[in-house]
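Biologist: Before we look at single contacts, please show me the model. I would like to learn how to read its charged pairs, its internal space and its rings.

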Amino acid sequence: MLATKQPRLALTQCQFALLALVHTPVLAASDFSIPISVSGMLKADAIYDLSGLRGDRADYLATQAGSDSPYSRFHMRESRLKVQWQDAQHNVSGVIEGDFFANGTHSSSSIERIANGDTGRLRHAYLSGNQWLIGQTWSNFVDVRSFPETLDFSNDTGQAFVRQTQIRYSQPWQQFILSASLENPESDVINESGVQTYSSDTLPDATLRLLQQHSKGHWSVQVVLRQLSVTQNQQTHDVFGGGAAVSGRWYFSETTHLRWHFTCGKGLGRYLQEASGYAATFDGQTLNALTSKGGYLALQHHWFPTLRSNVSIGALKIDLPASLQDNQRLNTLLSSHINTIWKSSNVLEFGLEWSWFERAQYAQPTVTQHLHGSRLQASMKYQF
């Protein structure tokens, strides 16, 4: 008589992994030597363009004649996720943050038909400590705290706006902070066939900023110096450019404050948001830096602790040579936003906004077209 064999336990790889997971002790936050925090927001935008498609953020540069039909769009692309950590042992902290605007102003083709998925992008990724910062974040030329508060992701035209990889050193002294950086270069040049981005840059962009914080807010002065470079037919053409800006925030009272920013430069280009691509002209022989200037004013008032309103206006001007004053190239931009935001709780806000903008473009030399657009936008933002 044969002996009966005892049943043998056979585990698949999946079962083994589950068993290991069940018997693995859960680590508490205190078990980690480096504390990590996760934050972010969910933002829903309902947009109704009164005069043609303007994109998931108002695309001032894409405005063309003949696009006057109303357009509606709902999206969640401004939602973002942020991971931060603090390594006290090595006196260093880090940030990684992303959102869903990788495809630019307009979502990718046909994505709205079924699932409305969209591509994520890197906003910030940097380490900081001992007065140094290395990684991708706002340029040292940008004063984020002076930005107008708008529901439209574009904000007002005329603002300094660029994020890029950099090496920055900051030195605080009493109420002042002096910071200097070397940042990623990228020449943005326009020629007869349109805007071109060239990658033959040899020197990093350099910035210097002086910030003073005081009881009424802050003010900031910043400058940038950059080398613009074009290589064609194995010959490299270079020109230096740059600009200066002044910005800040001033509290008239606990309930009312003004934010402002003014920039002017020659070869400034992409450091002014809507002037991207207009740093210089290239005719195949000569590279010439272009003059551009812009800025905004933004007033905020709190009616109640839970209700506030914002009014802002922005402007941008680019000086093009007569040879390029045609083919719908940009001359000036104007924009304005009016909104009211209700804070229903510490984490949830609802807002309603009306915005308007005007684009002046060259139809032909000395002949300028004026195109207008406006939109209504409602938003819900949940922060965690």
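Modeller: We will take salt bridges, then the cavity, then the aromatic rings, bearing in mind that this is a predicted model.

Biologist: How many salt bridges does a search of the whole structure find?

Modeller: The search finds 20 salt bridges. To read one, look at the distance between N and O atoms, then at where the two residues sit in the chain. Arg73 and Asp56 form a salt bridge, with their closest N and O atoms 2.9 Å apart. This pair links distant parts of the chain: Arg73 belongs to strand β2 (residues 71–75), while Asp56 is in the loop between β1 (36–49) and β2, 17 residues apart.

Biologist: Is Arg73 buried or exposed? And is Asp56 buried or exposed?

Modeller: The cut-off for buried is under 20% relative accessible area. Arg73 has 7%, so Arg73 is buried. Asp56 has 5% and is therefore buried.

Biologist: Which residues are linked with Asp56 and Arg73 in a network of salt bridges?

Modeller: The network joins Asp56 and Arg73 with Arg77, Glu112 and Asp118.

Biologist: Which residue forms a salt bridge with Arg121?

Modeller: Asp99 does, and the closest N and O atoms are 2.6 Å apart. Here, too, distant parts of the chain are linked, with Arg121 in strand β5 (residues 121–129) and Asp99 in strand β4 (residues 92–99), 22 residues apart. Arg121 is partly exposed because its relative accessible area is 27%, whereas Asp99, at 1%, counts as buried.

Biologist: What about Arg226 and Asp205?

Modeller: Their side chains meet in a salt bridge at 3.8 Å, N to O. Arg226 lies in strand β12 (residues 217–232) and Asp205 in strand β11 (residues 205–214), distant parts of the chain 21 residues apart. Arg226 is buried, with a relative accessible area of 1%, and Asp205 counts as buried at 1% relative accessibility.

Biologist: Turning to internal space, how many cavities of 30 Å³ or more does the structure hold?

Modeller: It holds one. The largest cavity contains about 40 Å³ of space. A cavity is read through its lining, which here includes Tyr60, Asp152, His337, Trp356 and Arg375.

Biologist: Which strand gives the largest share of that lining?

Modeller: β20 does, with three residues. β19 (329–343), β20 (348–364) and β21 (367–383) each supply at least two. By class, the lining of the largest cavity has four nonpolar, four polar and two charged residues.

Biologist: How many aromatic pairs are there?

Modeller: The count comes to 11. Each pair is read from the distance between ring centres and the angle between planes. For Phe141 and Tyr271 the centres are 5.8 Å apart and the planes are at 85 degrees, so the pair is edge-to-face. Phe141 is in the loop between β6 (132–138) and β7 (163–173), and Tyr271 is in the loop between β14 (256–266) and β15 (280–282), 130 residues apart. Both Phe141 and Tyr271 are buried.

Biologist: What are the distance and angle for Trp173 and Phe176?

Modeller: Their ring centres are 6.0 Å apart with planes at 25 degrees, so this pair is stacked. Trp173 counts as exposed at 54% relative accessibility, and Phe176 is partly exposed at 23%.

Biologist: Which charged residues lie over rings?

Modeller: Arg77 lies over the face of Phe101, 4.3 Å from the ring centre. Arg163 has its charged end over the ring of Trp138, 4.8 Å from the centre. Trp138 also forms one aromatic cluster with Phe147 and Phe161.

Notes:
Residues numbered from 1 in each chain as written. Predicted model: local features only at pLDDT ≥ 70, side-chain atom pairs only at ≥ 80, totals over all residues. Heavy atoms only, no water. Salt bridge = Lys/Arg side-chain N within 4 Å of Asp/Glu carboxyl O. Helix = DSSP H or I, 4+ residues; strand = E, 2+ residues; numbered from the N terminus. Buried < 20%, exposed > 50% of the residue type's maximum accessible area, 1.4 Å probe, protein only. 1 Å grid on protein atoms, 1.4 Å probe; cavity = no way out; pocket = protein on both sides within 12 Å on 5 of 7 lines; lining within 4 Å. Points joined across faces, edges and corners; volume = space filled by probe spheres on them. Nonpolar A, V, L, I, M, F, W, Y, C, P; charged D, E, K, R; others polar. Phe/Tyr/Trp six-rings, centres within 6.5 Å; stacked < 30°, edge-to-face > 60°. Lys NZ or Arg CZ within 6 Å of the ring centre and 35° of its normal.
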